[in-house]
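Me: I would like to learn how to read the features of a protein model, one at a time. Could you take me through them slowly, with the general idea where there is one and then the case at hand?

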Amino acid sequence: MNAEWTGGPDQLIEADEQRHGAARQFQDAGLPLLKLWTYYYGIGGDVDELSLDAYLNEALHLPAAQVGLVTTALTELTWDDAE
Amino acid sequence: MAHNDALTTADEYQDLLLNTPEFSKFLLGLATISASQLGGDGAPVECTVTVERDGALSTFAYSSEEGRRLDETQYAFGTGPCLTALREQHTVLIEDLQLDQRWAPYTYAVAKLGVRSVLAVPIHTDPLSQAALNCYAHTVHAFGPDTVKLVEDQAASMSRILRLALRLHAPDVFPEDLRAALKSRAVVDAAVALVMLQARGSRDGALELLQAAAKSGNRRIQEIAQEIVARGSFSTGPGRGEI
């Protein structure tokens with residue numbers, strides 16, 4: 001699942017921005033990585049914890065579907081805190 | 001018959017592990033099973049199980065309120081036969097508490113509670129944790145060689161199930177979170193499978209569809225997945241139609 005980048009340059013910039021946003025959201029939430037990974041796994045996530053860590057440290061790109069699940073997990077976990 | 005008994009006990013342990021979601025309740029079950037097996041011939045025996053993890057986190061379980069006090073006393077003194085059995089991994093037998101000076105402040109305190117003899121046996125676990133099965137009796141010389149052997153056998157048969165329990169209930173993960181994640185994942189996977197089949201689509205496509213449905217309704221993926229599974233199909237929710 002550690003996808004090599006296959007999109008064009010414009011998409012790469014967009015993906016970088018999205019990844020940067022996710023990284024910041026993760027930092028701001030102060031979540032343990034394990035908790036995020038567990039939740040992400042629960043909603044169908046497929047990459048391993050190390051790849052998720054690399055993604056959140058902006059060192060790796062993930063396939064679009066996985067990116068969506070990571071951001072969804074971050075969002076839904078903030079709902080948990082609000083409840 | 002001894003063989004048969006051992007089998008029954010192993011089954012009992014397994015049922016206990018499968019049916020108890022909390023580690024402390026699991027230990028309580030172990031202590032209760034031991035007490036019921038030892039106290040068979042009239043003289044009641046209190047049993048406790050003590051577990052230390054990473055040298056710090058400890059859980060103890062007791063077959064009675066009295067057992068709790070006995071164990072707590074030991075923790076308060078920071079020393080005692082059970083802690084010695086646990087930390088040094090060998091059997092400790094005190095045949096007459098009043099004649100034993102090895103753990104003096106502790107032994108005076110439990111003697112006041114009416115305890116006369118103590119047997120503590122280590123339960124072998126993993127390198128990160130230590131455990132012991134402890135028995136207290138109100139008479140001196142309550143634990144003869146046969147009983148010591150019996151308790152040692154019992155501790156040995158607990159070893160495997162306790163190692164399993166320690167893995168299942170690892171202290172640094174969140175047991176409830178893990179169970180919730182497993183349950184959620186099962187529902188999401190079932191929904192994804194259904195959507196893929198109906199759309200003759202890819203897994204990624206199905207996941208994206210779930211995400212879009214969740215996003216447009218401001219709802220959780222898991223809720224959307226539950227609906228899909230309950231209904232047996234993905235009906236076009238508000239805002240989203242084709243895959």
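Me: Which residues is Ser184(B) in contact with, leaving aside its neighbours within four places in sequence?

Reply: Bear in mind that this is a predicted model. Leaving aside the neighbours within four places in sequence, Ser184(B) is in contact with Gly42(A) and Ile43(A), and also with Gln222(B). Ser184(B) is found in helix α7 of chain B, which covers residues 175-199.

Me: Is Ser184(B) buried or exposed?

Reply: The cut-off to use is that a residue under 20% relative accessible area is called buried. Ser184(B) has a relative accessible area of 6%, and therefore Ser184(B) is buried. You can read Ser159(B) in the same manner: its relative accessible area is 10%, so Ser159(B) is buried. Ser159(B) lies in helix α6 of chain B, residues 145-168, and, not counting residues up to four places away in sequence, Ser159(B) touches Ile123(B) and His124(B).

Me: How should I read the place where two chains meet, and how much area do chain A and chain B bury between them?

Reply: In general, the size of an interface is often given as the accessible area lost when the parts come together. Here chain A and chain B bury about 1,600 Å² between them, and 57% of that is on carbon and sulfur atoms. On the side of chain A, the residues that lose the most area to chain B are Tyr41(A), Ala65(A) and Trp79(A), which together account for 28% of what that side buries. If you look at contacts instead of area, 21 residues of chain A are in contact with 19 residues of chain B.

Me: How many salt bridges and polar contacts are there between chain A and chain B?

Reply: The general idea is that side chains of opposite charge can pair when their charged atoms come close. Between chain A and chain B the count is 3 salt bridges. Asp80(A) and Arg220(B) meet through their side chains in a salt bridge, at 2.7 Å from N to O. Across the interface of these two chains there are also 11 residue pairs in polar contact. Helices α2 and α4 (64-82) of chain A each supply at least two residues of the side of chain A that touches chain B, and α4(A) gives the most to that side, with 9 residues.

Me: What can I say about salt bridges over all chains, and about those within one helix?

Reply: Over all chains, the structure holds 12 salt bridges. In chain A, the side chains of Asp16(A) and Arg19(A) meet in a salt bridge at 3.5 Å, N to O, and both residues lie in helix α1 (residues 9-29), 3 residues apart, about one turn of the helix. Asp16(A), at 30% relative accessibility, counts as partly exposed, whereas Arg19(A), at 9%, counts as buried. In chain B, Lys149(B) forms a salt bridge with Asp153(B), with the closest N and O atoms 3.0 Å apart, and these two residues both lie in helix α6 of chain B, 4 residues apart.

Me: Which helices hold Asp189(B) and Arg203(B)?

Reply: The side chains of Asp189(B) and Arg203(B) meet in a salt bridge at 3.6 Å, N to O. Asp189(B) lies in helix α7 of chain B and Arg203(B) in helix α8 (residues 203-217) of chain B, so the pair ties together parts that are 14 residues apart in sequence. Asp189(B) and Arg203(B) are also linked with Asp46(A) and Arg185(B) in a network of salt bridges.

Me: How should I read a strand, taking β5 of chain B, and which strands pair with β5(B)?

Reply: As a general idea, in a regular strand the side chains alternate between the two faces of the sheet. Strand β1 (residues 45-53) of chain B is joined to β5(B) by 9 bridges, and the two run antiparallel; within this pairing, Cys47(B) stands opposite Cys135(B). Strand β4 (residues 117-123) of chain B also pairs with β5(B) in the antiparallel sense, over 7 bridges, and here Ser117(B) stands opposite Ala137(B). A hairpin of 5 residues joins β4(B) to β5(B). Of the 9 residues of β5(B), residues 129-137, 8 are buried, so this strand is largely enclosed by the rest of the structure.

Note on methods. Residues are numbered from 1 along each chain as its sequence is written. Chains are lettered from A and ligands numbered from 1 in the order in which they are written. This is a predicted model: local features need pLDDT of at least 70, side-chain atom pairs count only at pLDDT 80 or more; totals for chains, interfaces and linings use all residues. Side-chain values use heavy atoms; hydrogens and water are left out. Buried means under 20% relative accessible area, exposed over 50%, partly exposed in between (1.4 Å probe, protein chains only). Two strands pair if DSSP finds at least two bridges between them. Contact means heavy atoms within 4.5 Å. Buried area is the accessible area (1.4 Å probe) that two parts lose on being put together, summed over both. A salt bridge is a side-chain nitrogen of Lys or Arg within 4 Å of a carboxyl oxygen of Asp or Glu. A polar contact is a pair of N or O atoms within 3.5 Å; within protein, one must be able to donate a hydrogen and the other to accept it, and residues adjacent in sequence count only if both atoms are side-chain atoms.
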